[in-house]
Amino acid sequence: MMSIDRTTPPEWGDIKMPVIPTFEKTRLQNGLLMYTMKGGEQPVVKIDLVVQAGKLRCEKGMVASATLNLLNEGTTSMSSKEFAEKLEFYGAYMWGGATQRAANVSMICMQKDLRNVLDLVADAILHPQYPEMELEIYKQQKLQNLVINKMKTSYVATTEMSKAVYKEGLFTRTATEESIKALESGALHAFHDEAYRSTDAHLMVFGLPSDDDISYISETFGKQLVEGEKWQHPMPEYAERSDRRVDMESEQTSIVVARPLFGKQHPDYMKMSVLDTILGGYIGSRLMQNLREKLGLTYGITSHISSNSAYGTHIIRSDIKKGEHERALDEIRKEMKRLSEEIVTENELENVRNYMLGEVLRSFESPIASSDTILELLVDDIDSNTYTKRCYDSIKDTTPEDLQALAKKWLNPDEYSTIVVGKL
Amino acid sequence: MIRYEKRQLSNGMRVIVSPSPLTSVATFNILYTVGAKNEKAERTGFAHLLEHLMFSGSANISDFDYHVQKVGGDSNAFTTNDFTNYYISLPADNIETAFWLESDRLLSPAFTQERLDVQKKVVVEEFYQHYLNKPFGDQMHYARSLAYKVHPYRWPTIGLEPQHILDATLDEVEKFFYGHYTPSSAILSIVGNVEPERMFDMAEKWFGGIKRDQTKEEIAQEPEQVEERRETIVKDVPENRVMKIFHTSGRAHRDFYLGDILTDILADGDSCCFNQNIIKGTKSMTEVNSYISGSVDPGVLILSGTLSEGTSTEQAEAELMKEVERIAEEGPTEYEMQKAINRTLSGQMIGETSAMQIANVMCIDEAIGDCGQINTDIDKYMSITIDEVRDFAKRTFRRENCSTLLYLKEEK
């Protein structure tokens, strides 16, 4: 048996800046920007169309998500069943996702089927039918989900959080029975006309398409979308800090501590992310070590900055052992204060720094992971090259003094709202 | 096609390396062939509790996570009824740190009473968060207890009840660990920008000296079910659900592939028959699902549905059975078969992209037979015939092979 020294860690090296894959940027005949990133080992093609069709764009609640989710329920020339049969026979997938500001419609298929699948998907994106029966079923499903969600403390805490952070209006809207019942196809068509036909969008192609495929994709989206005005994102108005309590039957208590913060372009954003990670952004975080590993009050507690490029919120949340929420809130406040009162050690900072640099590297670990990361930034109008470089450098440059200054500036517990939902 | 090399160390541990030069990270995945099925009936949830304790440090390393993070890594674990799986994802250049960490905690983890006491509390909170503090969170508890009477699959990995976790002692923890976590119960896979020979050398260096035998134990096998079972649960939930559970084979048997394709035909995608004939046809249910458990020992095939307002449970059950009986009598149509196979084929091409997933699947495949299955499974699916699926349906969807769970809302 070889004798080895187990007490000394093996040698290891600095975490490098990821190699960001190159992509081509082409302007199509109608002005739409198409990004093409060739890569991957499998003969598949993935296409994402990002349109300015997020929830904030629509006055009526639930309309934006229904408009997106029912795109594949039939087109002006195909029933819902026909569409599903054709798409699925090719083994292709189509799905959608939405943030507050944007929506993406995505598809993936084998390269050999690309033309056929793209014809189907483009038809669904551009000419949806929104048939009454499918809309009715969707409404029933949404209503049932809502009833279940309202019985979950964590769901109720999330809805209360938006009321605590934002002034009542567009930003505090949540699903209600009335808004679901009020859904009708006219409103969906109207929203679709406004948000899904415009070149105020991004197109991303990933995988191993042939040159002919690229021309076909350019042709499809370059002709069928029409030049439109750029949509101006609304900015939120923030509410006065508040403490909200909801008493309901439960086995655990959900708590949230939150405040308005800033967007990804704010000068403090990057280093604040380091501070947030120390507080509650990874498994070794202060909150995890204290509330989970020391006190055993919870299975998990996290903090994160939820931001787009222009604005954001800082959110700490957890599901806590019944009856212990006041103690948990005290401990959270204590950890927040400690970051402004005591300087973080170089040792702890080095650890978080390396963990975060590893995360940056992992977000580009494979061609598909890279394309997802690039797309996520693109949705927010952020260039991945400059952003990633800035991210990498800022994490490396952060000092204990920077963190203490940021904690004093942004992490004062008295400026945070608290939400408690459960058996009080 | 996934390229890989496989070796067995002198102590019995299996090592699989899949080099992928296109990335700068690596996934270090270690699977132990121990899970909730190795637990005693009065200490359910034990394997999962132990998984938590494995992050408490080891003889030469006081803080596991600290060293993972220090080299830019991230790590986590999960427990199933069959397996416990640990992974570290880290920059490929720093891979040796993963060998150091994982081998030290296999050699000698640092279990203490204090750590055990805290992790019991944490796991009990996990129990509440995921299973008790939401409607239907405990549905699978009832389903397992109904379908299995003898086999330890009758409880879920979190355990039967929080008290079992609170009752665990330090002595039991050590016994369970040293009896089940051994080189021969370990399968290591490394996927990423690494060189196989170098990995095999490192494996021998860090793990080769660990010698320990696995405790031999018989796991009680489930006798054949001979009569229909039914159970009705009434709780404060907002809707009615039906679940029909049928016994079937384990993951290594050909029936697994037949069941997998059959459940795809029934419930996968928008064009599947449950969606078209039930959700959009009779509208008697708002959600319908079907899947096969794929466990190592004989598993179950499940049909489940959420009832629309006004649908009786009899009607819902009849509609689920109508679809499967059609397949048991006529077999799936050629078109249905082809569609399911096409989706499986493309699903494999599309899904094979994450290193973490590949690393985990290769370990599981190796545990049930051969990690090369990751490449050959697709041929098994392609070779399935209509007659085989019909025959499978006929054998499986028998009344006396069925357990029906009705999970209903209280009448207020």
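In the predicted model, chain A contains an open sheet of 6 strands, arranged in the order 1-2-6-3-5-4 with mixed pairing. The edges of this sheet are occupied by strand 1 (24–27) and strand 4 (93–98) of chain A; each has a single partner strand, so one side of each is left without a neighbour in the sheet. On average, and with direction ignored, neighbouring strands of the sheet are turned by 15° against each other.

Strand 4 of chain A runs antiparallel to strand 5 (residues 103–110) of chain A, and the two are joined by 6 bridges. Within this pair, A:Ala98 is placed opposite A:Ala103 of strand 5. The sheet is also contacted by a helix: helix 3 (residues 114–126) of chain A lies across strand 3 (44–51), strand 4 and strand 5 of chain A. The direction of helix 3 is at about 160° to that of strand 5 of chain A.

A further antiparallel pair is formed by strand 9 (residues 298–307) and strand 10 (residues 311–321) of chain A, with 8 bridges between them. These two strands make a hairpin in which 3 residues separate strand 9 from strand 10. Among the bridge partners, A:Ser306 is matched with A:Thr313 in strand 10 of chain A.

Helix 11 of chain A covers residues 325–341. At 1.5 Å a residue, its 17 residues should span 24 Å, and the end C-alpha atoms are 24 Å apart, which agrees with that expectation. The buried residues of helix 11 are A:His325, A:Ala328, A:Leu329, A:Glu331, A:Ile332, A:Glu335, A:Met336, A:Leu339 and A:Ser340. An α-helix has 3.6 residues a turn, so residues three or four places apart point the same way. Among the buried residues listed for helix 11 are A:Ala328, A:Ile332 and A:Glu335.

Over the whole chain, 15 helices and 11 strands are assigned to chain A. For 424 residues, a compact globule would have a radius of gyration near 22 Å; the value for chain A is 24 Å, which agrees. The C-alpha trace of chain A spans about 65 × 60 × 50 Å along its principal axes. Of the 424 residues in chain A, 58% are buried. The exposed surface of chain A amounts to about 17800 Å², of which carbon and sulfur atoms supply 49%. Among contacts in chain A between residues at least 6 apart in sequence, 82% link residues at least 24 apart.

Definitions and conventions. Residues numbered from 1 in each chain as written. Chains lettered and ligands numbered in written order. Predicted model: local features only at pLDDT ≥ 70, side-chain atom pairs only at ≥ 80, totals over all residues. Heavy atoms only, no water. Pairing = 2+ DSSP bridges. Helix = DSSP H or I, 4+ residues; strand = E, 2+ residues; numbered from the N terminus. Axes fitted to C-alpha atoms, helices over the stretch in contact; angles between N-to-C directions. Contact = heavy atoms within 4.5 Å. Expected span 1.5 Å × (residues − 1). Buried < 20%, exposed > 50% of the residue type's maximum accessible area, 1.4 Å probe, protein only. Rg over C-alpha atoms; globule rule 2.2 N^0.38 Å. Areas by Shrake-Rupley, 256 points an atom, 1.4 Å probe, with all protein chains shown as cover.
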